[in-house]
Amino acid sequence: MMDSDSEFLTDVQLAERWKLHRKSLIRWRGQGQGPPFIKIGGKVRYKMADVEHYEKANTQTTNS
């Protein structure tokens, strides 16, 4: 079993996780939004720990 610090997601996998279109993640990257990402061999990867941190930081408990 891999530690969350060493797991990476592609933008396709992250889009599936969040039920978004991959183009939304591409747009977010261009706008400097969303979770941090890295490029390995020209391919975008998201570190699972960063994704989980982003999810926690953006969790809302009210509508305000």
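Lys-19 counts as exposed, at 72% relative accessibility. The model I am showing is a predicted one. Lys-19 is found in the loop between α1 and α2. Its backbone is worth a look: Lys-19 has a positive phi of about 55°, although this residue is not a glycine.

From that loop, go to the two helices on either side. Helix α1 covers residues 11–18 and helix α2 covers residues 22–31. What links Asp-11 in α1 to Arg-22 in α2? Their side chains meet in a salt bridge, at 2.9 Å from N to O. The two residues are eleven apart in the chain, so to put it in the terms of the model, this pair links distant parts of it.Asp-11 has a second partner. With Arg-29 it forms a salt bridge whose closest N and O atoms are 3.6 Å apart. Asp-11 lies in helix α1 and Arg-29 in helix α2, so this contact ties together parts that are 18 residues apart in sequence. Taken together, Asp-11, Arg-22 and Arg-29 are linked in a network of salt bridges.

Are the members of that network buried or exposed? Asp-11 counts as buried, at 8% relative accessibility. Arg-29 is buried too. Arg-22 is partly exposed, with a relative accessible area of 40%.

Arg-29 has one further contact to mention. It lies over the face of Phe-37, at 5.6 Å from the ring centre.

How many salt bridges does a search of the whole structure find? The search finds three. The one I have not yet described is between Arg-17 and Glu-55, with the closest N and O atoms 2.8 Å apart. Arg-17 lies in helix α1 and Glu-55 in helix α3, residues 48–57, so the pair ties together parts that are 38 residues apart in sequence. Arg-17 is partly exposed, at 38% relative accessibility. Glu-55 is also partly exposed, with a relative accessible area of 23%.

Now the aromatic residues. The structure holds three aromatic pairs. One of them is Trp-18 with Trp-28, which is tilted: 6.3 Å centre to centre, with 45° between the planes. Trp-18 sits in helix α1 and Trp-28 in helix α2, ten residues apart, and the pair links distant parts of the chain. Which residue joins these two tryptophans in one aromatic cluster? That residue is Tyr-54.

Next, the sheet. Three strands form an open sheet in the order β1-β3-β2, and the pairing is antiparallel. The edge strands are β1 and β2, each pairing on one side only. Strand β1 is residues 8–9, β2 is 38–40, and β3 is residues 43–47.

I will take the two pairings in turn. β1 and β3 pair in the antiparallel sense over two bridges. The bridge partner of Leu-9 in β3 is Tyr-46, and Phe-8 stands opposite Lys-47. On the other side, three bridges join β2 to β3, again running antiparallel. Here Lys-39 has Val-44 as its bridge partner in β3.

The hairpin of β2 and β3 has two residues between the strands, and in it Gly-41 takes a positive phi near 60°. Recall that Lys-19, in the loop between the helices, has a positive phi as well, of about 55°.

Which side chains of β3 point to which face? In a regular strand the side chains alternate between the two faces of the sheet. β3 shows this alternation: Val-44 and Tyr-46 point to one face and are buried. Lys-43, Arg-45 and Lys-47 point to the other face and are not buried.

The last item is on the surface. Phe-8, Ile-38 and Ile-40 make a nonpolar surface patch of about 250 Å². Phe-8 belongs to strand β1 and is partly exposed, with a relative accessible area of 36%. A residue needs over 30% relative accessible area to be part of a patch, so Phe-8, at 36%, passes that cut-off.

To recap the charged side: Asp-11, Arg-22 and Arg-29 form the salt-bridge network, and Arg-17 pairs with Glu-55. On the aromatic side, Trp-18, Trp-28 and Tyr-54 form one cluster. The sheet order is β1-β3-β2.

Note on methods. Residues numbered from 1 in each chain as written. Predicted model: local features only at pLDDT ≥ 70, side-chain atom pairs only at ≥ 80, totals over all residues. Heavy atoms only, no water. Patch = residues over 30% accessible without salt bridge, like charges linked within 9 Å, V, L, I, M, F, W, Y side chains within 5 Å. Areas by Shrake-Rupley, 256 points an atom, 1.4 Å probe, with all protein chains shown as cover. Salt bridge = Lys/Arg side-chain N within 4 Å of Asp/Glu carboxyl O. Helix = DSSP H or I, 4+ residues; strand = E, 2+ residues; numbered from the N terminus. Buried < 20%, exposed > 50% of the residue type's maximum accessible area, 1.4 Å probe, protein only. Phe/Tyr/Trp six-rings, centres within 6.5 Å; stacked < 30°, edge-to-face > 60°. Lys NZ or Arg CZ within 6 Å of the ring centre and 35° of its normal. Pairing = 2+ DSSP bridges.
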